[in-house]
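Welcome, and please have your viewer ready. We will go from stop to stop, with a selection to make at each one.

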Amino acid sequence: MTTPRWIIHLPTALTSPDEVTALAVALRGSLGHLAVLDFGEITLSEEDAQFLRTRVFCDAALDGAGRCRRRDAHDGPCAAVPSTEVGVSATRGHPDFLESVLIRE
């Protein structure tokens, strides 16, 4: 029997999909080194519609090893290195937003 995994539900005060996606990318950049977190499986939902979830990352298995780190439904081939389409620098591998995203406190 497989031991069930646990999910952290983390509500935010953010009010737009772009803001919460930027936060997900930033969290992956900051905490991606922790093997106990599966950032490829991040989904987003509105507070009152948690049964309707939107994937953030592709997470498809790559030939050889690893998972795709690009945005879900991305153009072009899958890649182990995020592209700038998710606001992540491919060379540095951490959030490097090309556009300013305001995250309200």
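**Stop one: a pair to select**

Select Glu41 and Arg55 and show their side chains: the two meet in a salt bridge, 3.5 Å from N to O. This pair links distant parts of the chain, with Glu41 in the loop between H1 and E1 and Arg55 in strand E2 (residues 54-55), 14 residues apart. Glu41 counts as partly exposed because its relative accessibility is 37%. Arg55 is partly exposed as well, with a relative accessible area of 29%. Keep in mind throughout that you are looking at a predicted model.

**Stop two: the whole chain**

Now zoom out and colour by secondary structure. You should find one helix and two strands, running α-β-β from the N terminus on. Switch to a surface view: the accessible surface comes to about 7900 Å², and carbon and sulfur atoms hold 56% of that. Of the 105 residues, 25% are buried. Among the contacts with a separation of 6 or more, 27% are between residues 24 or more positions apart.

**Stop three: Asp38 and Arg5**

How many salt bridges does the protein have? The count comes to three. For another of them, select Asp38 and Arg5, whose side chains meet at 3.4 Å, N to O. Asp38 lies in the loop between H1 and strand E1 (43-44) and Arg5 in the segment before H1, so this pair ties together parts that are 33 residues apart in sequence. Check the surface around each partner: Asp38 is partly exposed, at 38% relative accessibility, while Arg5, at 62%, counts as exposed.

**Stop four: Arg67 and Asp59**

Next, select Arg67 and Asp59. They form a salt bridge, and their closest N and O atoms are 3.5 Å apart. Is Asp59 buried or exposed? Asp59 counts as buried because its relative accessibility is 8%, and the cut-off for buried is under 20%. Arg67, in contrast, is partly exposed, with a relative accessible area of 42%.

**Stop five: Thr21 in the helix**

Finish in helix H1 (residues 17-31), where you will find Thr21. Thr21 has 12% relative accessibility, so this residue counts as buried. Measure from the side chain of Thr21 to the backbone of Pro17: a polar side-chain atom of Thr21 lies 2.8 Å from the backbone oxygen of Pro17. Then show what surrounds Thr21. Leaving aside residues up to four places away in sequence, Thr21 touches Leu44, Val56 and Arg71.

Key
Residues are numbered from 1 along each chain as its sequence is written. This is a predicted model: local features need pLDDT of at least 70, side-chain atom pairs count only at pLDDT 80 or more; totals for chains, interfaces and linings use all residues. Side-chain values use heavy atoms; hydrogens and water are left out. Helices (H or I, at least four residues) and strands (E, at least two) are DSSP runs, numbered from the N terminus. Buried means under 20% relative accessible area, exposed over 50%, partly exposed in between (1.4 Å probe, protein chains only). Contact means heavy atoms within 4.5 Å. Accessible areas come from the Shrake-Rupley method with a 1.4 Å probe; for residues, only the protein chains shown count as cover. A polar contact is a pair of N or O atoms within 3.5 Å; within protein, one must be able to donate a hydrogen and the other to accept it, and residues adjacent in sequence count only if both atoms are side-chain atoms. A salt bridge is a side-chain nitrogen of Lys or Arg within 4 Å of a carboxyl oxygen of Asp or Glu.
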